[in-house]
Amino acid sequence: MSAVVTSGEAPLYRVAVRALCDFTAREGDLDLRFTPSPSAREGIAGHALVAGRRGERYERELALSGHYRGLAVSGRADGFDPALNRLEEIKTHRGDLSRMPANQRALHWAQVKVYGALLCAERGLASLTLALVYFDIGSERETLLTEEASATELSAFFEAQCERFLSWAEQEAGHRQARDTALAGLSFPHDEFRPGQRELAESVYKAAATGRCLLAQAPTGIGKTVATLVPTLKAMPRRRIDRLAFLTMKTPGRRLALEALARLGAASDCGEGGEGRLPLRVLELTARSKACEHPDKACHGDACPLAAGFYDKLPAARQAAAERGWLDREALREVALEHDVCPYYLGQELARWSDVCVGDVNHYFDVSALLHGLAQANGWRLALLVDEAHNLVERARGMYSGELDQHAFATLHRSAPAPLVKPLGRLMRQWQALVREQGGADEGQRGRPAYQVLDDLPGRLVGALQQVATAIGDYLAEHPGGADPMLQERLFDALGFGRLAESFGEHSLCDLSRHGRGRAVLGLRNLIPADFLAPRFAQAHSCVLFSATLSPAHYHRDLLGLPDDCVWQSVASPFSSDQLEVRIPGGISTRLRDREASLEPIVAELAGQYRRRPGLYLAFFSSFAYMAAAAERLARLHPELPHWCQTRGMREDERDAFLARFRAGGQGIGFAVLGGAFGEGIDLPGERLIGAFIATLGLPPFDPFNETLKARLEARFGSGDAYAYRIPGLIKVIQAAGRVIRSPEDRGTLVLMDDRFRRVEVRRLFPDWWQLG
């Protein structure tokens, strides 16, 4: 009797064929020696070309499923040829196939065998020809590996894989039940809500329960992290939400989320021996560069001891991590090293099995984001919480932008191996032609680079770049491990730029900066991230974006591509106007042409306010040069007044030293750049900060890039000036001003030093509770 059952009672656990085989059929070393693989687009094209070579009866993308002892297994086989009774798994590759690791080949065979078992059970086949079709993207040549198998043999193989997975599946089902039972009874971790906190929490619960998107503006100090986490966790059992991702812009946001989860009882040190711990698996996702134990070693078993035998040691490490449950960076590292495996790649594996993942926004929104890929592959119901969401517009623009450096490719050309000389030569000629077409290679006035926005992509250069990428990829495939690292760097540049070029449209622009002869930079800059982000929001079950500065709502809806039914909420501030004195002195302009004339009245305001109420202040400027000029003038005119300045590229210890001067009982003025490290995300309550001066509207520079951005936003949304200049600038101003009042007990002063702050269109963007003195 076949072990595969194609129908029956509701399954205990569901798993995709690929995920099943990843779990049961991987063995040996972790081997990440760079071997150029086809892009997703090349892979799709390769699959289509292979299928196109088959007969008319060839069945593509064959949906298959079956049950075994409560385990539901499903997936899509690449193709079936009924005339040959042959089931095919198609894999695209580059270069010499013999260099493919044996454990990778074994994984491919496992996948096609599981698909074969499902197909035989579904169609009553007695036997089947299994085929691995390896398609070389470069030569378009197929390598066909076949194996005959009976339905009985395939059923036995399927049963063995399921048996290996079943104990884990039963454990996961038990964990899910315990998790959901605990979350259904989860209570708020404090005796009472702060003002506005209950209102926010109720809206977040509704968003998670109804599968909606919520854009929530809530003031600093009400406890937004807890007010978003708790209701989303409580909604998980009711709406069968599989995973929660808490996404942040900066490391402090991750820490706050982890602290809140620990207070809820998720940390492993709750109670004696972990008794009373909330049965919730929490994983902190960190960058590879920060998690790597051996940065001087390559990621393969011959070089790194934590890569050797990784997949053989993974089951025990995975089990230990799952039992531990609380996996912040330190705990994950501890488990990994106890089992002699790589912490970073153990974390990548645990992302599949954790209930809550806390990490940077790029883990879901970037081009090749881990969490988005897992959610798609496994059909998760995923709830997203996005902290400090006012930053997502700029962060997302960066994710979908890229650059090519002419000088970097020219340097490679001079030392390139023989097979790459011609394609690189063609690329350099296209670079030179582009520079000539755009007016030569001279720098702009006063030593600034000449800058131009191009009407369209330079098609010939992009075509030559694609040829270079193919040539480098083929060369590296034939010379693994022995090539110049510069080749990999340029290949990554070319592939990244090529991917962006494939999706080029009105959401982006192409520009050329010339820094001197042979030193041009070609850029693809995303202007409207909505076109890339909208599918990510659509993929999620629910999403809550929250921040203290999300006004106006239409700006974020438009630029982020939020769903049409996205709900907007603005939580009333618990602060009152008598807590913050807001002044706009007359006669000060911080426009570029007025900078020199503004220094004396700005310094007079700083000194006057300090004399009236000595204490600790922050003063924000539009640039380091402007800040330095004001600090120099203050030192000259008021040498008795203590002050200190932010510097470019401050290290973490230097930032800590800057903030350490803001201690109770201290005095002086810290000078900083608006939009920098001290403009948001820092907490200086009470007497640690009693006021702020802001000598800028935070407007982006008036230049060809921003003027093009303005024109595109005007054409798309009818709000070019506001979306390109005024709103982004005022968000920075309000964020910086928010450093002053952090609790209902705080009192402080805010001095806005520019006459444009008095304009109606600017003042309507101020928080409602501000009142001008």
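1. Let me start with a charge over a ring. In this predicted model, Arg-490 lies over the face of Phe-409, 5.9 Å from the ring centre. That distance falls within the 6 Å cut-off used for such a placement. There is another example to look at: Arg-318 lies over the face of Phe-23, and here the distance to the ring centre is 3.7 Å.

2. Phe-23 is worth a second look, as it also belongs to an aromatic cluster. Its fellow members are Tyr-13, Phe-165, Trp-168 and Trp-353. So when you display Arg-318 over the face of Phe-23, do show the ring cluster with Phe-23 in it as well.

3. Across the whole structure, a search turns up 26 aromatic pairs. One of them joins Tyr-400 and Phe-532: the ring centres are 4.3 Å apart and the planes meet at 10°, so this pair counts as stacked. The two partners come from distant parts of the chain, 132 residues apart. Tyr-400 sits in the loop between α14 (392-399) and β13 (402-405), while Phe-532 is in helix α19 (residues 530-539). Are these two rings buried or exposed? Tyr-400 is buried, at a relative accessible area of 5%, and Phe-532 is buried too, at 16%.

4. For another geometry, please turn to Phe-766 and Trp-770, whose rings form a tilted pair. Their centres are 5.2 Å apart, with 50° between the planes; this angle is neither under 30 degrees nor over 60, and therefore the pair is classed as tilted. Phe-766 counts as buried at 8% relative accessibility, and Trp-770 is buried with a relative accessible area of 10%.

5. Back to α19, the helix that holds Phe-532. How does α19 pack against helix α20 (residues 553-560)? The angle between them is about 90° and their axes are 7 Å apart, and the two helices are therefore roughly perpendicular to each other. On the α19 side, the contact involves Ala-530, Leu-533, Ala-534 and Phe-537. These meet Asp-558, Leu-559 and Leu-560 in α20.

6. Now to the strands. An open sheet of six strands runs in the order β19-β24-β23-β20-β22-β21, with parallel pairing. Which strands stand at its edges? They are β19 (580-583) and β21 (643-645); each has a single partner strand, so one side of each is left without a neighbour in the sheet. From one strand to the next, the twist averages 15°.

7. At the β19 edge, the pairing can be followed residue by residue. β19 pairs in the parallel sense with strand β24 (residues 748-752), over four bridges. Within this pairing, Glu-581 stands opposite Thr-749 in β24.

8. Finally, please take a look at strand β11 (residues 356-360). Five of its five residues are buried, so β11 is largely enclosed by the rest of the structure. Strand β8 (residues 243-248) pairs with β11 in the parallel sense over five bridges, and the bridge partner of Leu-247 is Gly-359 in β11. Strand β9 (residues 282-284) also pairs with β11 in the parallel sense, over three bridges. Here Leu-283 stands opposite Cys-357 in β11.

Terms used:
Residues numbered from 1 in each chain as written. Predicted model: local features only at pLDDT ≥ 70, side-chain atom pairs only at ≥ 80, totals over all residues. Heavy atoms only, no water. Phe/Tyr/Trp six-rings, centres within 6.5 Å; stacked < 30°, edge-to-face > 60°. Buried < 20%, exposed > 50% of the residue type's maximum accessible area, 1.4 Å probe, protein only. Lys NZ or Arg CZ within 6 Å of the ring centre and 35° of its normal. Pairing = 2+ DSSP bridges. Axes fitted to C-alpha atoms, helices over the stretch in contact; angles between N-to-C directions. Parallel < 35°, antiparallel > 145°, perpendicular 65-115°, else oblique. Contact = heavy atoms within 4.5 Å.
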